[in-house]
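Colleague: I am new to this structure and would like to learn how its features are read. Could we begin with a helix and then go on to a metal site?

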Amino acid sequence: MRRNKFKIRLLIGVAIIAFAYIQRCNRQEVNPYTGKKQAISMTTDQEIAIGLQSAPQMTQQYGGLYPDERLQSYVDMVGNKLVHSSLASETPYKYDFHLLADDQTINAFALPGGQCFITYALLSKLESEEQLAGVLGHEIGHVLGKHSAERIAESDFWKTATTGATVFDMGGAAGGIGQKTLLRNGRDDELESDELGVQFMIDAGYNPEAMIGVMKILKTAAGPNRTPEFQSTHPDPENRIEKIRAAIKKYKK
Ligand SMILES: [Zn+2]
């Protein structure tokens with residue numbers, strides 16, 4: 001009797017995982033801007049809406065916007081220059097660049113749909129407009145790469161798959177794979193954004209070598225033991241620099 005119950009649970013578990021897997025395959029689409037095949041579960045309009053909706057909350061978490069409007073317009077100017085002279089201008093995304101007041105947390109990030117952020121702590125470490133273009137170019141890369149949307153689709157998948165795994169008592173195993181997958185994709189996203197950032201810098205007339213300077217600043221800021229959030233899921237800076245050098249060679253006209 002107990003054995004039969006186990007068999008049924010096993011079958012249900014396998015069915016749920018198979019369902020999650022098939023759903024995920026059906027959602028595969030080719031990113032029109034990067035050519036990358038990815039699983040996305042939302043429309044472009046939804047991406048933009050999620051970004052706009054979450055922006056005020058994000059801003060608040062980092063102490064609000066930086067009060068000096070001149071510095072804010074400087075960030076806008078550099079961000080818009082990158083957008084207008086590159087592939088980013090051909091996308092339906094609504095780009096906004098926010099300078100956050102936080103002077104302790106060295107960070108930059110992008111929400112889906114075009115909302116990009118940099119903290120004052122990171123901005124104050126940068127040595128030139130070109131380096132700022134490097135940071136913002138990288139963030140625009142996350143938007144174009146639809147990385148957040150892909151992460152959201154991934155987590156839907158693992159939620160469904162883990163439900164299946166729990167039914168036949170292997171929750172731990174499936175959960176473990178899920179997290180590793182998220183982390184691995186995170187690293188790939190960072191490298192893709194670095195490469196896109198290099199492209200946007202070149203298109204806007206910035207010296208792409210400045211992106212290497214940004215990596216060095218992040219590495220120094222991290223210290224031997226501390227990892228800033230910007231880098232927590234990021235690949236080793238040395239590895240990133242190597243890939244950035246290759247991208248510069250590839251795109252430099
Ligand atoms: Zn990043």
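Modeller: This is a predicted model, and we can start with helix α3, where Q72, V75, V78, G79, L82 and V83 are buried.

Colleague: Where do the buried residues of α3 fall when they are seen down its axis?

Modeller: The general idea is that an α-helix has 3.6 residues a turn, so residues three or four places apart point the same way. In this case the buried residues of α3 fall within an arc of 140° seen down the axis, so they line one face of the helix. The face turned away from that buried side carries the exposed residues E69, R70 and H84. At the start of α3, a side-chain oxygen of D68 comes to within 2.9 Å of the backbone nitrogen of R70.

Colleague: Which residues are the protein donors of the zinc ion?

Modeller: The zinc ion has as its protein donors H138 (NE2), H142 (NE2) and E190 (OE), which lie 2.0 to 2.2 Å from the ion, and along the chain the donors follow the spacing H-x3-H-x47-E. Distant parts of the chain are linked by the pair H138, in helix α5, and E190, in helix α7, which are 52 residues apart, and both H138 and E190 are buried.

Colleague: Is D194 buried or exposed?

Modeller: D194, which lies in helix α7, has 2% relative accessibility and therefore counts as buried, since buried means under 20%. Leaving aside its neighbours within four places in sequence, D194 is in contact with H138, M211, M215, R240 and I244; among them, H138 is also one of the donors of the zinc ion.

How values were computed: Residues are numbered from 1 along each chain as its sequence is written. This is a predicted model: local features need pLDDT of at least 70, side-chain atom pairs count only at pLDDT 80 or more; totals for chains, interfaces and linings use all residues. Side-chain values use heavy atoms; hydrogens and water are left out. Helices (H or I, at least four residues) and strands (E, at least two) are DSSP runs, numbered from the N terminus. Buried means under 20% relative accessible area, exposed over 50%, partly exposed in between (1.4 Å probe, protein chains only). Contact means heavy atoms within 4.5 Å. Donors are N, O and S atoms within 2.8 Å of the metal (3.2 Å for Na, K and Ca); water is not among the atoms, so sites may look incomplete. The arc is that of the directions from the helix axis to the C-beta atoms. A polar contact is a pair of N or O atoms within 3.5 Å; within protein, one must be able to donate a hydrogen and the other to accept it, and residues adjacent in sequence count only if both atoms are side-chain atoms.
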